[in-house]
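The exercises below are meant to be worked through with the sequence and the coordinates open side by side. Each one sets a task and then gives a solution in steps.

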Amino acid sequence: MAPSHPVAILFALQTAAPSLNTVSDTLQISEIPVEGYERVVRGVDPQTGLHAIIAVHDTTLGPALGGLRMWNYASEEDAVFDVLRLAKGMSYKSAVAHTGLGGGKAVMIGDAKTIKSEGLYLAMGRLVESLGGLYTTAEDVNTSIGDLEIVRRATKYVTGLSRDSGGSGNPSPYTAYGVYLGVRAALGWAFDNDDPKGRTIAIQGVGAVGGPLAERLAEAGATVYAADRNQKRLDALTEKHGVKQVKAEEILSMECDLLAPCALGGILNDESIPELRTKVVAGAANNLLLKPEHGKALSERGILYAPDYVINAGGIVNVSVEFHDGGYNEEVALRKIERIPQALKELWTISREEGIPSSDAADRLAQRIIAEARAAKA
Ligand code: NAD
């Protein structure tokens, strides 16, 4: 059957006869040339079952950093589509957050419940190592710190390990701190007062990021409403911080000053946007807009939007400090995370002055930062 989406077509054309560059044990590494990406490599190891793709989008600003995702993709084309999208997103996120890093991503194809093994992650480590530092990996969906510790035995290009191993540790509290500061900035922009006291905030998902965000906002005097599939998490927040519980299907349409989606991507779409009853959307979840045009749909409704990859950059900023001379330093990380409100204000200013959605302003700013650095290097 003919491939249906554009990347699949490109992929079919360009990989009909993959060049075999490296063979390490039974690991076969081949290039997938993709326009606009510095390197895309496929690693296949029949012995361990590894089938992985690493995409290095851009290293103009520094080595590409991005997590390692394991997902049971229906096809390799789907995996390539996802890894390309995610790698580019990492370039943009790092550019706007001034981490001094480029963007990349890795995906391993397979069911996380059945295929994980030591050999698999060692083979993955060899694939990362084959890029010689162009790409450094980190945690992501279905990849734990324990998995990364195994990868680390085959390559030094691993970040986000535990503090005991000299890494920057769990990124979530840093992401939550950045989102909290971003929420305050958004309140300030929308209401001329950034104090959460007396504001009504609705949070979708109170996990590793949404939970600490709810705590901080409740402590600052906001009335916090939350929905989560995990009843225990909700009950703990209600008991300790008076968080009010809302049904999962009602949280997006409840009347509030600010909606903070901290669970799933793609929730801002044709169905949800007309139903929103908030002045602001500012939350942690990645890829909140189902399609880029949903940024315009939000601004047409007069809703202020904090672009997801700008407000949720606290975790990557924290990890990026591992690359500094002298290694990880929490103080440095916190000072950098505290620049997130300023970045958001710049985007809202561009958005207002140029009449474009803030999501488009973020992409433009990222592209400009990368292009200027490239020109300065030439
Ligand atoms: P998490 O898995 O710890 O928390 C997500 C929570 O959302 C869970 O409690 C889950 O039960 C809940 N949830 C799932 N579906 C839901 C639904 N339909 N309605 C209500 N609640 C639902 O994840 P996290 O680490 O807190 O990340 C949250 C989001 O932020 C994700 O999109 C993630 O990609 C993004 N993000 C996280 C980080 C980080 O450092 N953890 C960094 C950047 C972006």
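**Exercise 1. The ligand shell**

By class, how many nonpolar, polar and charged residues does the shell around the ligand have? Then identify the closest residues and the polar contacts of the ligand.

Solution. Keep in mind throughout that this is a predicted model.

Step 1. Sorting the shell by class gives 9 nonpolar, 7 polar and 3 charged residues.

Step 2. The ligand is surrounded by 19 residues, and the closest of these are Thr175, Ala208, Val209, Asp228 and Arg233.

Step 3. Turning to backbone atoms, an N or O atom of Ala208 lies 2.9 Å from an oxygen atom of the ligand, and a backbone N or O atom of Val209 likewise lies 2.9 Å from a ligand oxygen.

Step 4. A side chain also takes part, since an N or O atom in the side chain of Asn286 is 3.1 Å from an oxygen atom of the ligand. Of the 830 Å² of accessible area that the ligand has on its own, the protein covers 75%.

**Exercise 2. Helix α5 and its partners**

Determine how helix α5 is oriented relative to α12 and to α11, and give the handedness of each crossing.

Solution.

Step 1. Helix α5 spans residues 172–191 and helix α12 residues 340–354; their axes come within 8 Å and cross at roughly 40°. That angle makes α5 oblique to α12, because angles under 35 degrees are the ones that count as roughly parallel.

Step 2. The crossing in which α5 passes α12 is right-handed.

Step 3. For helix α11, residues 330–337, the axis is 10 Å from that of α5, and the two helices pack at an angle of about 30°. The helices α5 and α11 are therefore roughly parallel to each other.

Step 4. The handedness of this second pair is again right-handed, as α5 passes α11.

**Exercise 3. Positive phi outside glycine**

Which backbone elements flank His98, and which flank Asn287? State the phi value of each residue as well.

Solution.

Step 1. His98 is found in the loop that runs between α2 (76–97) and β6 (102–109), and although His98 is not a glycine, its phi is positive, at about 50°.

Step 2. Asn287 lies in the loop between β12 (277–281) and α8 (294–300); Asn287 is not a glycine either, yet has a positive phi of about 50°.

How values were computed: Residues numbered from 1 in each chain as written. Predicted model: local features only at pLDDT ≥ 70, side-chain atom pairs only at ≥ 80, totals over all residues. Heavy atoms only, no water. Near = heavy atom within 4 Å. Polar contact = N/O pair within 3.5 Å; in protein donor to acceptor, adjacent residues only side chain to side chain. Areas by Shrake-Rupley, 256 points an atom, 1.4 Å probe, with all protein chains shown as cover. Nonpolar A, V, L, I, M, F, W, Y, C, P; charged D, E, K, R; others polar. Axes fitted to C-alpha atoms, helices over the stretch in contact; angles between N-to-C directions. Helix = DSSP H or I, 4+ residues; strand = E, 2+ residues; numbered from the N terminus. Parallel < 35°, antiparallel > 145°, perpendicular 65-115°, else oblique. Left-handed = near helix turned anticlockwise from the far one by under 90°.
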